[in-house]
Structure formats: C-alpha cells, structure tokens
Amino acid sequence: MAMSRDEIFKEVQDVLVDALGVDDDEVTTDASLMGDLGAESIDFLDIVFRLEKAFGIKIPREELFPAESLMNNPEFVSKGKFTEKGLTELRVKIPHTDISTFKNNPNVNKLGDLFTVGAIVKYVETKLNAA
Amino acid sequence: MRWIWIDKFTEFHSGKSAVAVKNVTLAEEHLHDHFPGFPVMPETLMIEAMAQTAGILVGEAKNFTEKVILAKIKKAVFFDYVKPGDTIKLKAQIESITPEAASTTGRITREEKLIAEIDLMFSHIDQNLAGKKFPEENFVFTGMFESLLRDVLISDAGSSKEASEQNG
C-alpha cells in the first residue's frame, strides 16, 4: 500500500504531537525538531520507536539522526565546523536533509537544524518505497 | 533509605512483561500528610512504582549489565484514587528495546478496575551521552531489588511455560 507524502506527513505529525507534546499547527514541514519543537536527545529515540511502530519499518541506529559517529571523527569536524569531507559525508549519510543553507556555516552546533519535520517525512517516504 | 514502591513480582517474562503488586497501608507515613483526613497514594509514587517494575524488567532483559535510567514519562493518566488497604497490580510490557534505550507501556489496576496508564522510556546511559563517564559499578541495580524477584520464576521470553502454568 503506497502512502502519499501528505498521508506520511499527517502520520509524522501525529507522532511528533504525541512525542513532544506540541500542537499540530506547530509541526510544519520546515520546523526543526530541536530549535522549533524543543526536542531533547531522549526524544529522538522516542521518535524513532514511534515511527517504527506507526509505519511498520525498522530504523537502524544512526540512520535517521546520525550525529555521534560524524561529530567524533576529526576528519569530518575540525574546530567546531564540518570540513569539506564532513559535508560530503553528510550528503551520503543524511540524504533526507537539506544542507544547502547549513554548508555556508557548517557549525556543529547548527547540525540539529537539519533535522526538520520535512526531513523525517522524506526519510520515511524513501524507507517505505524501498520496502 | 528504602525507596521501593513495589512489594514483589508475581509474574516475570524475560524481555517481555512483568507484574508486580503493592499493598498500600496507613503505616506509610506520607499518607497522613497526603492528605490529612483523606489518605491517598500520591500519583507521583505510582509513576515511581511503575518505573521500578518496568525498569527491572528492562534491566533483566540485558542481565542487569546496563545502567537503566528513567528518561521520559511518555504518558501518565490516572482514573481513580488508591487508598490504604488497597492492593494494586502493576503490569509493565516492553514495547521496544535497543542497545541504547527501551520504551515500556504499563497499566495499574485494583482488582479489575483500571487505576492508571503509565508509559515510560528508559535510557541505557553508558550507550548514550557520548563523552560522559559514569561509575563502573552498576549503581542502578543494587542488592536492594534482589528480594523483589526472590519469589518469582523468571521465565525465558522464548519458553515461558512454567510461569504461564503457575499463573493459570
């Protein structure tokens, strides 16, 4: 059963409303999980569990929200910023995010901004299509 | 301090579900203040009791090698008061468990009546919070909890035959 992007968005919206205690009108495509919706680290795991249940998919560790493995690699991050190599790796690891703005100021502290509602929808869509 | 809010386990299915009971008594001093003339078990302590039931279930699933910390109360809804003389039953189920975390669902009942629904999330802290160091010893699962499991037969997730026979 193929789901349209709107249907996926609606489901993702429900997941985020429950997981983060936000209102559904706050969950827009551009909203970032940490900055706009106030997600903390444990919420990311909660969201992964809920998405797996809602869509019947398996989300491997660090696939949807990779952070540690990238940030702890000195080849990818130097002086608090992503290197060219790091940015290339980001494109490979998180193709569901849009790094076009991020790459102008690739500060590690801004990495969280990449994880938007739209990125989750895109990730789930890819995952469902691959299944 | 004995911060234990369950009396014993009556069922334990490794990696899946567990049932604990708690007998509430007026000998618990806080009930005289909560509230004077109207003693009821604080709802916060019902959450703690569920966190202990579910936390031990999650800990046992990894042979108590992980430090299991309550990370998030996903849901806590209460439907009735719990009073001295009541025996409450806490049933916890593991919904998901991964190397770094676990999520559980739980129901508290008194006889057949639903008292509360409490869903929780636990973190295996050594697997998270990169860069932070925690003490070597497992400060979460100390001997304090051993007696709780003494009377219950821990059955394997795969072969829970004995326990299901025991519990009919």
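Two strands pair if DSSP finds at least two bridges between them. Strands (E, at least two residues) and helices (H or I, at least four residues) are DSSP runs numbered from the N terminus.

The model is predicted: local features need pLDDT of at least 70 and side-chain atom pairs count only at pLDDT 80 or more, while totals for chains, interfaces and linings use all residues. Residues are numbered from 1 along each chain as its sequence is written, and chains are lettered from A and ligands numbered from 1 in the order in which they are written.

**Exercise 1. Trace the pairing of strand 2 of chain B, starting from F12(B).**

Solution.
- Step 1. The elements of chain B comprise 3 helices and 6 strands, in the order β-β-α-β-β-β-β-α-α from the N terminus.
- Step 2. Strand 1 (residues 8–13) of chain B runs antiparallel to strand 2 of chain B, with 5 bridges joining them. F12(B) has A18(B), in strand 2, as its bridge partner.
- Step 3. The hairpin of these two strands has 3 residues between them, and G15(B) there takes a positive phi near 75 degrees.
- Step 4. Strand 2 of chain B also pairs with strand 4 (residues 87–97) of chain B, in the antiparallel sense and over 7 bridges. A18(B) has A92(B) as its bridge partner in strand 4.

**Exercise 2. Determine how far strand 2 of chain B is enclosed.**

Solution.
- Step 1. A residue is buried if 20 or more other C-beta atoms, placed from the backbone, lie within 10 Å of its own C-beta atom; with 12 or fewer it is exposed, and in between it is partly exposed.
- Step 2. Of the 168 residues in chain B, 31% are buried.
- Step 3. In strand 2 (residues 17–23) of chain B, 5 of the 7 residues are buried, so this strand is largely enclosed by the rest of the structure.

**Exercise 3. Check the span of helix 1 of chain B and locate its part in the nonpolar core.**

Solution.
- Step 1. The expected span of a helix is 1.5 Å times one less than its number of residues. Helix 1 (residues 43–61) of chain B has 19 residues and should therefore span 27 Å, which agrees with the 27 Å between its end C-alpha atoms.
- Step 2. After helix 1 of chain B comes N63(B), with a positive phi near 55 degrees.
- Step 3. A nonpolar core is a set of buried Ala, Val, Leu, Ile, Met, Phe, Trp, Tyr and Cys residues joined through C-beta atoms within 7 Å. The largest such core has 65 residues; among the members that touch the most others are V12(A), M46(B) and I108(B). Helix 1 of chain B supplies the largest share of this core, 9 residues.
- Step 4. Two residues are in contact if their C-beta atoms, placed from the backbone, lie within 7 Å. Leaving aside neighbours within four places in sequence, M46(B) is in contact with M41(B), V82(B), I108(B) and A116(B).

**Exercise 4. Describe the side of chain B that touches chain A.**

Solution.
- Step 1. The contact involves 12 residues of chain B and 9 residues of chain A.
- Step 2. Strand 3 (68–78), strand 5 (101–110) and strand 6 (113–124) of chain B each give two or more residues to this side. Strand 3 of chain B gives the most, with 3 residues.
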